[in-house]
Amino acid sequence: MHTPGLYQTDNERKQQRRLFRNRVYVAFSLALLFFILLLVRMTYLQWVNYNQYHSLAEGNRISVEAIPPVRGRIYDRNHILLADNRPVFALKFDKTKIADIQTTLSELGTVLPDLPESRLARFAERYQKASKHRPIFLSYTLSESEASQFAVHNFRFPGISLVSKLQRTYPHGEAAVHALGYVGRINRKELSSVEPSRYAGTDSIGKLGIEKQYESVLHGYPGVQQVETNANGRILRKLETTPPIQGKDIQLTLDIRLQLFIEELLAGQKGSAVVTNPNNGEILAYVSLPGYDPNHFVDGISQSRYRGLLSDLNRPLINRVVNGQYPPGSTVKPFVALGAIEQNIISPTKKIFDPGYMEFKGHRYRDWKREGHGLVDMHDSVVQSCDTYFYELSLDMGIDAIHDQLYPFGFGHKTGIDLPQESIGILPSKAWKQAAKGESWYTGETVIAVIGQGYFLATPIQMAKAISTLANYGEIVQPHLNMAAPNIEKQQIPIQKIDNWDRVMASMRDVLASPRGTAWRYARDIAFPMAGKTGTSQVFSLGKDEEYIEEELSVHLLDHSLFVGFAPVDNPEITVTVVIENAQVKAADVAVKIADYYMTELRDEN
Amino acid sequence: MKIDLPEKETVYRQNRHGLEAFHLDLWLILLLLALSALGSVVVYSASGGDTEMLMRHIIRLGIAFGIMVLFAQIPPNQLRIHTPWVFAVVIVMLIAVFLFGDMGKGAQRWLDLGVIRFQPSEIMKVALPLMLAWLFAQNSLPPPAKHLILGLGLIALTAGLIILQPDLGTAILIAASGLFVIFFAGLSWRWIFSTVVIVIGSLPVIWHFYMYDYQKQRVLTFLNPESDPLGSGYHIIQSKIAIGSGGLEGKGFMGSSQAHLDFLPESTTDFIFSVMAEEFGLIGVAVLLTLYLLVIARGLYIAAQAQDNFARLTSASLVMTLFIYVFVNIGMVSGLLPVVGLPLPLMSYGGSSMVTLMVSFGLLMSFHTHKRLLSPNH
């Protein structure tokens, strides 16, 4: 082999150079060969197939147009349309063929005199920012006479074409808007989170609610049409067409009749109502009031209207069912009572004396009834909603036992409802307070938490899930809106003694059936057994975003009224959850009317 | 078997006249200027006559040429001494990119040092060939087996780090430049052929386990561009229409209807060849390919004239990297190869890859103009 040192001999130096130069010749031949390959390829494209490409590019241009898919419709459980598509005339702008948008638009104004100036100004702004490669639609629906008028003048507007497109429409307007959501114009951010080719030719996307949750199901797949156009973009010949695949229809669990009944019943109130079937989690009614008309959003909502909705003190845009977080108040008492007797913390027959308050560490925790309830056991305490009984019980249980009891019923975590952006509420515990506030827990806070006040917050959908689970004897079902929701594995909260559950049911029944019950006076006339629990929460705000507004104080000072219940008591078919903010009517009253309407009008069909 | 080279006191032959006095090579400079001029013309046309863009392009070219001149002044021995350190630093930077690099267009390629923001993978395009040439120059060629294995390990390490970013195009390019060093170092043909067979055999494995969906999509689209006419296949279809419609003589300067009507994406960067082919036709294409071939020929000639194995291997490998760039880019836009997003050297608008390329040419010129006083043979 070699000896140390560089190029020991001339011979070896020559040998090294020869070896390298051989490789260089091979490398150059390789490069030459591949370049010849490229040249052959170019000759093939530019010489052999020149005529084909020439006609494609020069004479008549080929362009690939997307055919937007028809969006799936949304029905209620009885196949009544909740979201439909209607054909409208619209103007489609092709940015590559319009030289000066300002002159084009002002000319367009003379052809279509009814077109509001402000729309054109807004459109011009949007047009400037839009991508060159996507069609831009003027958000204005042309009447039939306007359409024919434009068609006559179309030759003056290269780059603008009159198209018939399908537009989303919500025939019931405000009804169930927070469940349905709406579609709106797709924005840049949304465009970057979807497959762009799937949205070619489409200018709208589901923004909220079911429309957003099931966007990929509803949207479908666009078709492709290859067309030959002349230099002005006029279509000369259609070549190949791949038809679009229509979006799938969705059938919801909602019953629009029940929905409309409740919305009318609660007209003028703020709050929410949820009706579910506890056996399978289907949501029959999903009411969040006040609402708004989703049809305004479809074609781009006007600035002033949107500002109006945003500044409305009643917060119509908030989806109260999943985002309204309320102290659940006394509605949690049956759940706590069940836990206490299942864990043998208290005997259900043990009586305590309620003087109207509980004294603890020098502080008086008052019952809602000043003079007290006297001697009460667990049953009486649920029926009459005795606070003192639960105050004392809470000292025996401790906050973590209360937390562990309530958690499986759905408090403190997402219910998994098929809607975007569900809030989780707060189910307080020692660990939660340490994590959230960095402070340790005070026993006095347990006393408040046990009656659903203090840190405790729950959304109406969580309350609905909890009461469904209770009515179901611990079988947890997930509330959902899509009839075809995938089967979710059912879970069962372990039952220690079925007797205990029966007792709680009986006490909830007497809330409505016993003359001493807190909801008795609303339920005197119903012909079916119903069980439930009332609640009141002494907070005047909706959530952490609410501001303290002095002018509104008088209305805002009114308590929230809550009710959770189910009917009939044996083999329940529905649960009713009602939360009314600053209530002028009682939630229990409303809930009984809802149940009555269902039992007398709808029961046989559903 | 260490080779003791006089490291500090190398005496270089005095360059007597003309450009050589500045360590520059006349032929290369003329060819590079011709390519840059052609590139500027096409960038101007593809941008639809955007003078500002043209100015930016020319300024960048100017900076790149300046960097080339600077690198041409570095004596080869200095370069050789520092090579292992440079390589180590770039490897560390690649790891840093992986740990806390900036995201850009879905890939983690940029390193932000506060003052400047750059892609370490760009530097690697030069650093890896240098490192391998340094390694193999320790002994006579062909290198011993343990050096070959070490070299392959370095290639795998570098390419692996870049694939992680993930940037498959650059990783392939850099791996290729490293393999070229091994090729020029005289790896026996038996090994070369068996490796080719193994690589082809392992392609399905890479496909299944090491490719991201977007990369697979590119390959699938390449195999059947019609399958996604609204997405990535659109680019290739439109690019082929642009090239084909250029014909023999082309549509003339500023005549690219495909680029001007926005049928062509990235018409000033990756797809600039399509614009040039549409405007200047098959004749223009032949001229361009000839220019590139002449650059390669001159570069390989410089390599063949080099005095030591370090200079030989480095320059030959850098020249072949340019060849890969050109072949992959033109192959891509004409539908021969998958879309891998490489620019066309000296033609495409912009970028850090232009700087790297000119650094390579600077090194080539340095090797060619710093000749040691050795023996009458040289």
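Biologist: Leaving aside neighbours within four places in sequence, which residues is Ala316(B) in contact with?

Modeller: This is a predicted model. Ala316(B) belongs to the largest nonpolar core, and ranks there with Ile272(B) for the most contacts inside it. Beyond its sequence neighbours, Ala316(B) is in contact with residues of chains A and B: Val24(A), Ala27(A), Phe180(B), Phe184(B), Leu300(B) and Ala303(B).

Biologist: Which helix gives the largest share of this core?

Modeller: The core has 111 residues. Of these, 16 come from one element of chain B, residues 309-333. That element is helix H12.

Biologist: How many residues does the other core have?

Modeller: This other core lies apart from the one around Ala316(B). Its members include Val322(A), Leu338(A), Met397(A) and Phe409(A). The count is 110 residues.

Biologist: Are H3(A) and H4(A) roughly parallel or antiparallel to each other?

Modeller: H3 spans residues 101-111 of chain A, and H4 spans residues 117-129. Their axes come within 11 Å and cross at roughly 150 degrees. Angles over 145 degrees count as roughly antiparallel. The two helices are therefore roughly antiparallel.

Biologist: What is the handedness of the crossing where H3(A) passes H4(A)?

Modeller: On the H3(A) side, the residues that meet H4(A) are Ile101(A), Gln102(A), Leu105(A) and Gly109(A). They face Leu120(A), Ala124(A) and Tyr127(A) in H4(A). The crossing is right-handed.

Biologist: How many residues of this contact of H3(A) with H4(A) are nonpolar?

Modeller: None is charged. Polar residues number 2. The nonpolar count is 5.

Conventions. Residues numbered from 1 in each chain as written. Chains lettered and ligands numbered in written order. Predicted model: local features only at pLDDT ≥ 70, side-chain atom pairs only at ≥ 80, totals over all residues. Core = buried A, V, L, I, M, F, W, Y, C linked by C-beta atoms within 7 Å. Buried ≥ 20, exposed ≤ 12 C-beta atoms within 10 Å, placed from the backbone. Helix = DSSP H or I, 4+ residues; strand = E, 2+ residues; numbered from the N terminus. Contact = placed C-beta atoms within 7 Å. Axes fitted to C-alpha atoms, helices over the stretch in contact; angles between N-to-C directions. Parallel < 35°, antiparallel > 145°, perpendicular 65-115°, else oblique. Left-handed = near helix turned anticlockwise from the far one by under 90°. Nonpolar A, V, L, I, M, F, W, Y, C, P; charged D, E, K, R; others polar.
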